[in-house]
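Please examine the sequence and the structure shown below. A short report on selected elements is given after them.

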Amino acid sequence: MPTAVPPSSAPSTLSTPSTPSSTASGPAELLPEAVRVGREPAAKGAVLAERGPARPRAAFRPDIEGLRGVAVLSVLAFHAAVPGLTGGYVGVDVFFVVSGFLITGLLTGRPLGLWDFAARRARRILPAAATVLVATAAAGGALLDPLRGTDLARDLIAAAGQFANWRFVGRQTDYLAAERDPSPLQHFWSLGVENQFYLLWGVLLLGLARYLHGRRRTLAITLATVGIGGASLALCLRWTQTSAPLAYFSTGSRLWEFAAGACAALLGGTLATRTERRPVRWSLRLLGWLGLAAVAVPTVLYDRTTPFPGSAALLPVLGTAAVLLAGHGPGPLRAVDAGRLLAIRPLRAAGRLSYAWYLWHWPVLTIAQARYGALPWPTLAALTLAAALPAWLTLRLVEQPLRYGSSPAPRRGLAVGASALVIPLIAALTLGGGTVRALGDTSTGPTAAPAGAADGPGLLAPGTRVPALTPSPARAREDFPPGKGCEIPLNADSSPRCLFGDENSPDRIVLLGDSHAGQWISAALTMAEQRHWALEVLVKPGCPLATLTVRNTVLGRTFEECDRWRENTLTRLTSGPKPRLVLMAGLNRYGSPEQRTEGWTRTLDRLTALGAPLAYLGDTPMPGKDIPTCLAASDGRSDACFFPRDTAFEPDPLLDGGLAARYGVRTLDLGALLCPGSGPSCPAVLEGVVLYRDTGHITDTLARVLAPRLDKGLLGAPAGPAVPPAPAVPPAPAGLPGPAVPSVQP
């Protein structure tokens with residue numbers, strides 16, 4: 001799974017720093033400031049700061065530069081899997097708060113027009129991002145397989161267009177897409193969030209400054225900040241419970257973090273006039289140390305299982321705001337200030353390099369692992385450290401010259417920004433065109449399935465030959481069963497009416513289970529159509545049919561909807577006509593073998609009460625790697641995509657534990673067919689048929705090839721009678737312990 005959602009997946013977790021700070025001689029936009037009208041020339045159309053006594057020009061804040069260093073180092077250490085820093089992903093929250101603080105101070109404290117503000121942001125952010133995007137496109141085209149290259153081209157378009165966060169919301173909430181490897185550009189999600197915040201905040205604050213003045217303006221800005229922040233926090237808490245990817249990647253659930261920084265900037269202006277008082281000074285010092293601790297503690301205590309952002313993000317967010325507020329004391333930092341620790345040279349150096357270093361390190365890590373496989377953390381740490389070199393070159397040759405060396409006129413900055421948007425788009429189109437040509441047949445229509453054998457050791461019927469890989473690697477990835485809408489969303493707790501075949505027939509087969517049951521729709525439909533029956537599909541991804549309570553990594557919490565869906569589905573089966581066959585299947589990796597046995601016992605007690613024939617399909621082998629991508633990378637050499645036999649199977653309580661015989665369940669185990677022989681490896685391709693569409697689901701082509709085997713093994717001859725009723729079942733033993741909450745997620 002991708003690492004972009006630290007608390008729940010994995011996918012790997014990504015975060016992108018906000019605009020990093022400059023050196024001490026950098027521009028004053030680093031800090032909130034106010035200037036008196038006429039003190040410096042305003043850009044045409046600028047919104048002027050309030051008239052009145054001039055506040056002192058804000059001094060350079062080395063502690064903010066060091067705080068950025070802490071944030072980027074924590075994120076880099078997390079991505080490099082450095083032991084002990086399992087919560088380093090909170091660094092992104094630190095960056096968001098700092099951005100809200102600096103941008104709010106800039107917009108409320110100096111003459112500035114909207115176009116001037118947009119030009120500043122474009123010069124500051126886009127050139128370095130464009131440099132990394134173009135370099136990643138070139139490296140991806142040279143080092144990645146064509147399938148990954150195709151994905152990368154789409155990600156390039158999203159990243160260049162500043163909406164990468166919404167692309168990854170879609171991918172991470174898609175149960176099937178979430179099984180793909182993380183994108184080299186997944187970290188651009190937060191750059192999209194940043195730029196969307198800048199657009200909103202620039203229009204809002206500069207608009208309020210244009211039409212309101214004095215205390216009304218200050219009050220309006222404060223109310224808007226608090227109102228937007230409160231609404232965003234409510235969304236964040238809600239979405240963390242219902243969809244971790246949406247909560248993690250979306251702008252709406254992250255705005256409250258920027259608003260926290262904005263509140264610190266607004267409150268800091270008030271505190272600046274009162275810090276001469278000793279109680280205030282000591283209170284701020286204490287606040288600074290508490291804030292620094294609140295930032296540091298989550299990097300050690302949090303991990304991938306922490307529901308995030310949600311309420312867990314309050315600690316680093318409020319801690320960062322406290323550090324920013326504490327730095328409003330007068331004069332230089334003192335030894336007793338937390339800011340003195342943050343201002344040490346190594347942290348400031350990391351802070352200056354933070355933006356470019358962050359942009360470079362993730363493509364280096366992901367492309368290296370795509371090329372060489374999973375790497376140990378010392379190697380990842382070394383690669384992350386090596387990424388500092390291109391980051392430093394980008395800082396010196398791209399960021400600083402375009403930021404400080406070009407004309408300050410807004411039109412020049414906007415031209416630079418436009419170029420930085422267009423060039424990566426050209427790179428994306430070039431890469432996409434090359435990968436399409438390399439892949440050949442990329443159509444997504446159903447592949448003609450060769451005739452399958454009804455029995456015997458061979459996959460295909462005698463005399464059947466497949467001249468090329470079927471489906472092709474590009475088509476295999478999209479080779480889904482029909483009726484994808486039958487696999488209901490994770491937050492749903494009941495299935496819709498999902499019938500195939502002769503929908504008016506009083507007889508029906510019920511296909512029941514999770515996505516590993518859904519992969520058999522085509523085979524079950526063939527069985528039903530040959531008898532003029534209907535096929536009813538009741539499947540929920542990630543939800544075991546065995547009565548087990550599991551944790552869902554996409555939702556980032558206990559999968560309560562699964563328990564409700566299972567109960568609703570079993571109750572629903574008792575209310576309709578008796579099925580001619582209940583066909584059960586599912587992933588055989590939820591919980592421990594003992595928990596699976598107990599869970600299946602509870603479920604089978606309920607199902608046998610229906611009086612309908614029961615059948616069970618053993619789980620298919622688990623490759624554990626993306627098979628189509630592997631085949632594309634190996635030019636179709638299937639022997640390069642073998643996977644270990646000892647990790648392909650788990651003990652199955654129905655096949656190996658005697659439950660099937662006890663409850664009269666007819667079973668069909670295809671493990672020996674799909675992983676023949678007794679060697680250490682299982683194949684990804686058999687007789688020319690590509691077996692898997694991702695890391696664990698079979699292709700729909702294979703399901704159609706296996707339809708005759710399922711028909712004969714579960715129902716006998718195609719036109720024969722239905723399976724006889726199951727024999728009487730003895731009562732289940734009483735006093736079984738309740739199921740534990742495993743952390744397995746298919």
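The report covers a strand and its partners, a helix and its packing, and a surface patch.

## Strand E3 and its partners

The model is predicted. In it, strand E3 spans residues 534-539, and 6 of its 6 residues are buried. In a regular strand, side chains point alternately to the two faces of the sheet. Both faces of E3 are covered: Ala534, Glu536 and Leu538 are buried on one side, as are Leu535, Val537 and Val539 on the other.

E3 pairs with two strands of opposite sense. With strand E1 (residues 499-501) the pairing is antiparallel, over 3 bridges, and Gly501 stands opposite Ala534. With strand E2 (residues 508-513) the pairing is parallel, over 6 bridges; here Leu512 has Leu538 as its bridge partner.

## Helix H10 and its packing

Helix H10 comprises 24 residues, 278-301. From first to last C-alpha, H10 reaches 35 Å, close to the expected 34 Å.

The buried residues of H10 are Leu284, Arg285, Gly288, Gly291, Leu292, Ala294, Val295, Pro298 and Thr299. They pack against helices H1 (62-79), H2 (91-109), H9 (255-271), H11 (314-326) and H12 (338-342).

## A nonpolar surface patch

Ile157, Phe163, Trp166, Leu425 and Leu429 form a nonpolar patch on the surface. Together, these residues have about 460 Å² of accessible area.

Trp166 lies in helix H5 (residues 164-173). Its relative accessible area is 40%, and Trp166 is therefore classed as partly exposed, a class that lies between the limits of under 20% for buried and over 50% for exposed.

Technical notes. Residues numbered from 1 in each chain as written. Predicted model: local features only at pLDDT ≥ 70, side-chain atom pairs only at ≥ 80, totals over all residues. Heavy atoms only, no water. Buried < 20%, exposed > 50% of the residue type's maximum accessible area, 1.4 Å probe, protein only. Helix = DSSP H or I, 4+ residues; strand = E, 2+ residues; numbered from the N terminus. Pairing = 2+ DSSP bridges. Expected span 1.5 Å × (residues − 1). Contact = heavy atoms within 4.5 Å. Patch = residues over 30% accessible without salt bridge, like charges linked within 9 Å, V, L, I, M, F, W, Y side chains within 5 Å. Areas by Shrake-Rupley, 256 points an atom, 1.4 Å probe, with all protein chains shown as cover. Salt bridge = Lys/Arg side-chain N within 4 Å of Asp/Glu carboxyl O.
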